[in-house]
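Here are some notes to read alongside the model. I hope they help when you go through it yourself.

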Amino acid sequence: MPALPTELVTEILARLTVKSLLKFKCVSKSWRALISSPEFVKTHLIVCAHQRVVLTEVRDLYSFHDVQYILKDYSLNTLRNDPVTEALDLYYPMYNPQQKVCVVGSINGLICLAIKDKDFVLWNPSMRLFRHLPLGVPCNLLSKFISSVSWSYKEESHVHH
Amino acid sequence: MVKLKSNDDKEFEVEEAAVIQSEMIKNMIEDGCATSVIPLPNIDSKTLIKVIEYLNKHINMGKAAETGEEDDLKEFDEQFVNMGWEELFDVIMAANYLNIHELMELCCQSAADRLKNKSVRAVREMLKITNDLTEEEEQEIINDAPWAFEGPEIDDTVN
């Protein structure tokens with residue numbers, strides 16, 4: 001079988017999940033280099049953009065004092081086309097259903113979470129990586145913060161570690 | 001009608017409405033370069049027959065949406081990609097050369113779906129790739145994201 005040219009390997013790999021890609025870095029040196037390259041990460045982002053959505057579900061079990069907060073992960077495609085959609089519970093950093101959690105914003109698959117309205121976490125669910133944002137950022141400054149984060153993401157971090 | 005010639009010298013007649021789904025041939029026809037037979041030196045007759053089958057079925061994509069034949073088309077696509085690896089790669093190369101966007105999309109997605117849950121070993125064998133990473137390098141990649149190498153879905157079979 002003749003080897004596929006790199007441009008066609010890229011076309012195929014760009015349709016895989018991040019989990020599969022991290023695994024396939026082990027296939028060979030050229031696959032490792034391809035998957036780690038900023039160009040590939042950009043292509044992957046374009047092909048796979050807007051495929052999943054995260055929603056917060058608030059469960060009021062018995063009383064006001066017993067509220068649970070769950071993050072749910074949905075495939076956008078099945079939400080649009082299928083009558084029944086399967087949702088997965090997402091185990092975000094420091095998962096605890098008793099504490100209040102909400103999604104403050106997201107860009108390019110990075111999600112900013114506010115936990116108990118005071119801890120802000122920048123989270124990449126596909127890579128299972130997260131960073132705490134500096135404490136004491138008032139809510140009204142947060143939108144500014146997110147735009148600066150998205151800027152640094154665009155400029156520096158088109159890399160699957 | 002447009003005549004296409006494969007690299008093993010077989011000629012095929014295809015309706016113009018079908019063949020212009022290929023951007024490459026569409027441009028050739030528009031530029032007046034497709035007067036007699038269009039030679040396709042990169043495509044063998046077996047692959048060309050598959051591509052023509054796809055083009056004929058997808059001839060009226062827009063109409064299918066109006067007449068509710070979308071499901072029929074979806075079923076055809078599912079059947080169409082039900083082929084061996086080598087054949088699938090031949091069709092991907094042909095679709096890329098002829099620049100048939102939808103066919104490229106369909107076949108690359110099928111290839112990705114077949115690969116996604118495979119083990120690293122299985123992928124190397126399926127694609128005939130020789131591992132040139134050292135054991136240390138491999139371990140380093142695994143240590144970066146051990147969870148990517150685990151899970152009940154990981155499939156070590158080669159097909």
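The points below go through chain A, a pocket, two record-based spans and a few single residues.

1. First, a word on the kind of model: this one is predicted. Please keep that in mind for every value that follows.

2. Let me start with the overall make-up of chain A. The chain has six helices and seven strands. Read from the N terminus, the order is α-α-α-α-β-β-α-β-β-β-β-β-α. Chain A counts 161 residues, and 39% of them are buried. Its exposed area comes to about 9400 Å², with 56% supplied by carbon and sulfur atoms. Of the contacts in chain A with a separation of 6 or more, 39% link residues 24 or more positions apart.

3. Helix 1 of chain A deserves a look. What are its buried residues? They are Leu8(A), Val9(A), Thr10(A), Ile12(A) and Leu13(A). Within chain A, these buried residues pack against helix 2 (18-24), helix 3 and helix 4 (38-48). They also pack against helix 6 and helix 7 of chain B.

4. The second largest pocket involves this helix too. The volume of this pocket is about 340 Å³. It is lined by 20 residues, and those closest to the centre are Ala3(A), Leu4(A), Val9(A), Trp31(A) and Ile129(B). Val9(A), then, is among the residues closest to the pocket centre and is also one of the buried residues of helix 1.

5. Which elements supply at least two residues each of that lining? From chain A they are helix 1 (6-13) and helix 3 (29-36), and from chain B helix 6 (85-98) and helix 7 (101-115). Helix 1 of chain A gives the largest share, with four residues. By residue class, the lining holds 16 nonpolar residues, three polar ones and one charged.

6. Two spans of chain B carry annotations from UniProt, both in an unreviewed entry. The record gives "domain: SKP1 component POZ" for residues 1-59 of chain B. In the model this span is 42% helix and 19% strand, and its end C-alpha atoms are 14 Å apart. For residues 102-148 of chain B, the record gives "domain: SKP1 component dimerisation". Here the span is 66% helix and 0% strand, with 31 Å between the end C-alpha atoms.

7. Two backbone angles may catch your eye. Most residues other than glycine have a negative phi. Asp9(B), which is not a glycine, has a positive phi near 65°. Where is Asp9(B) placed? It sits in the loop between strand 1 (2-5) and strand 2 (11-14) of chain B. Asp9(B) has a relative accessible area of 58%, so it counts as exposed.

8. The other such residue to look at is Asn99(B), with a positive phi of about 55° although it is not a glycine. Asn99(B) is found in the loop between helix 6 and helix 7 of chain B. These are two of the helices that each supply at least two residues of the pocket lining. Is Asn99(B) partly exposed or buried? Its relative accessibility is 40%, so it counts as partly exposed.

9. Last, a residue in helix 6 of chain B: Met93(B). With a relative accessible area of 27%, Met93(B) is partly exposed. Met93(B) and Ala122(B) are 29 residues apart in sequence, and their C-alpha atoms are 22 Å apart in space.

How values were computed:
Residues numbered from 1 in each chain as written. Chains lettered and ligands numbered in written order. Predicted model: local features only at pLDDT ≥ 70, side-chain atom pairs only at ≥ 80, totals over all residues. Heavy atoms only, no water. 1 Å grid on protein atoms, 1.4 Å probe; cavity = no way out; pocket = protein on both sides within 12 Å on 5 of 7 lines; lining within 4 Å. Points joined across faces, edges and corners; volume = space filled by probe spheres on them. Nonpolar A, V, L, I, M, F, W, Y, C, P; charged D, E, K, R; others polar. UniProt positions renumbered as here; feature names shortened; annotations may be inferred. Buried < 20%, exposed > 50% of the residue type's maximum accessible area, 1.4 Å probe, protein only. Contact = heavy atoms within 4.5 Å. Areas by Shrake-Rupley, 256 points an atom, 1.4 Å probe, with all protein chains shown as cover.
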